[in-house]
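Hi,

Here is the structure I promised to pass on. Have a look at it first, and my notes come after.

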Amino acid sequence: MMMKIIGKRMLAILGLVFLTIVIVIVMKKDHKVTTKSLFAMDTYMELTVYGGNSEEAIIAAEKEIYRLDALLSTGNEASEVAILNRNKEGKLSEDYAYLLKRSKEIYEMTQGAFDITIYPLMQAWGFTEKEYRVPDAGEIEKLVSYIDTSEILFDENTGIVEIPEKMQLDFGGIAKGYTSSRVAHIMKDYGVKSAMLNLGGNVQTVGTKTDGSMWRVAIKSPYDDIPYLGVVSIEEKAVITSGNYERYFEKDGVRYHHIIDPKNGMPVQNELISVTIVCEDGTLADGLSTALFVKGKEGAMEFWKTHSEAFDMILCDEDCKLYVTEGIKENFSTELIYEIIEKEE
Ligand code: ADP
Ligand code: MG
């Protein structure tokens with residue numbers, strides 16, 4: 001009788017121990033984290049992926065980033081973009097065709113503020129080779145006449161494209177956002193439920209944090225004495241910033257940076273320091289961060305009021321004041337002075 005009770009107890013204890021071990025293993029597997037830093041698309045990237053499949057997922061992600069970099073890099077003569085810029089016609093790969101389609105949509109929705117035919121101007125200002133110069137007015141005027149996305153002849157059914165003789169395309173304003181959304185898809189294919197992808201300050205999250213809470217993404221600050229502009233709490237979204245402090249040169253006391261106004265061929269000079277877009281669609285977020293920078297503070301606010309269902313944004317102006325759209329006001333915190341942008345006053 002006694003033996004029987006001890007036996008049962010022992011069995012129960014052993015069972016419990018076994019169960020605990022299993023739970024610990026499962027939890028460990030789930031809390032496994034793999035990180036990877038890499039340099040691609042001219043920027044530092046950091047991928048942080050949680051869960052059992054994180055190592056395999058990161059290997060696949062890295063492969064995808066290098067694949068897209070090789071495909072989209074204007075500076076690499078063997079890239080599909082460079083080949084089309086030389087040949088002026090061709091049949092596009094799936095990625096290129098998708099990016100062209102999206103770029104045309106963003107061009108239309110922003111009334112031409114986003115225009116991928118900007119490339120000859122990027123070259124003229126020296127941003128492509130990092131040999132900066134200020135082109136003269138005549139040169140700028142001539143190159144501006146080559147800018148016009150509406151002149152790209154593209155047949156979505158066949159994938160065949162043709163561009164005018166002097167035109168050259170540049171996906172620099174959208175490539176990282178597209179890449180981050182592709183990588184997020186890869187994460188899903190590997191069953192990843194929690195990941196933070198940082199592509200040079202362009203952040204894309206997957207799922208939630210491992211404890212189910214929201215991600216907290218800090219928005220980069222251009223000021224040395226302010227560590228970040230604020231923190232936005234999100235679930236699965238892209239948070240993409242374009243700033244005039246990212247890539248620029250100075251000549252005779254004037255700062256020229258790498259976002260060009262397609263209307264006059266000049267690096268944008270307005271009251272904005274940075275534009276941050278929060279959106280489910282990384283490709284759109286990247287395109288809009290560039291386009292709304294071109295539009296300026298008032299233009300960006302007006303634009304948001306008619307597209308408020310698609311995205312939210314945080315603008316930072318030269319007085320270090322923030323403008324935050326009402327859609328994220330509950331999920332944004334900052335120490336700086338800010339104003340909420342409302343749909344209707
Ligand atoms: P970053 O590359 O620093 O993240 P952006 O997303 O704003 O910043 O992209 C800037 C890049 O977009 C430029 O380097 C250039 O390749 C391209 N670009 C510049 N002006 C425009 C424009 N008006 N429309 C579309 N692309 C642009
Ligand atoms: Mg952009």
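Below is what turned up around the ligand and its pocket.

This is a predicted model, so to speak of numbers: local features need pLDDT of at least 70, side-chain atom pairs count only at pLDDT 80 or more, and totals for chains, interfaces and linings use all residues. Residues count from 1 along each chain as its sequence is written, chains are lettered from A and ligands numbered from 1 in the order written, and side-chain values use heavy atoms, without hydrogens and water.

Ligand 1 has 18 residues around it (a heavy atom within 4 Å), and Asp115, Asp170, Ser242, Ile260 and Thr290 come nearest. That shell splits into eight nonpolar, six polar (Gly among them) and four charged (Asp, Glu, Lys and Arg). Its largest share, three residues, comes from helix H8, residues 282-306 (helices are DSSP runs of H or I, at least four residues).

Three side chains put a polar atom by a ligand 1 oxygen (N or O pairs within 3.5 Å): Ser242 at 2.5 Å, Asp286 at 3.0 Å and Lys176 at 3.1 Å. The protein covers 95% of the 560 Å² of accessible area that ligand 1 has on its own (Shrake-Rupley, 1.4 Å probe).

Ligand 1 sits in the largest pocket (more than half of its atoms within 2 Å of the grid points). A pocket here is an open set of points on a 1 Å grid over the protein atoms alone, where a 1.4 Å probe fits, with protein on both sides within 12 Å along at least five of seven lines; lining residues have an atom within 4 Å of a point. This one holds about 1100 Å³, the space filled by probe spheres set on the points.

Cheers

Definitions and conventions
A polar contact is a pair of N or O atoms within 3.5 Å; within protein, one must be able to donate a hydrogen and the other to accept it, and residues adjacent in sequence count only if both atoms are side-chain atoms. Helices (H or I, at least four residues) and strands (E, at least two) are DSSP runs, numbered from the N terminus.
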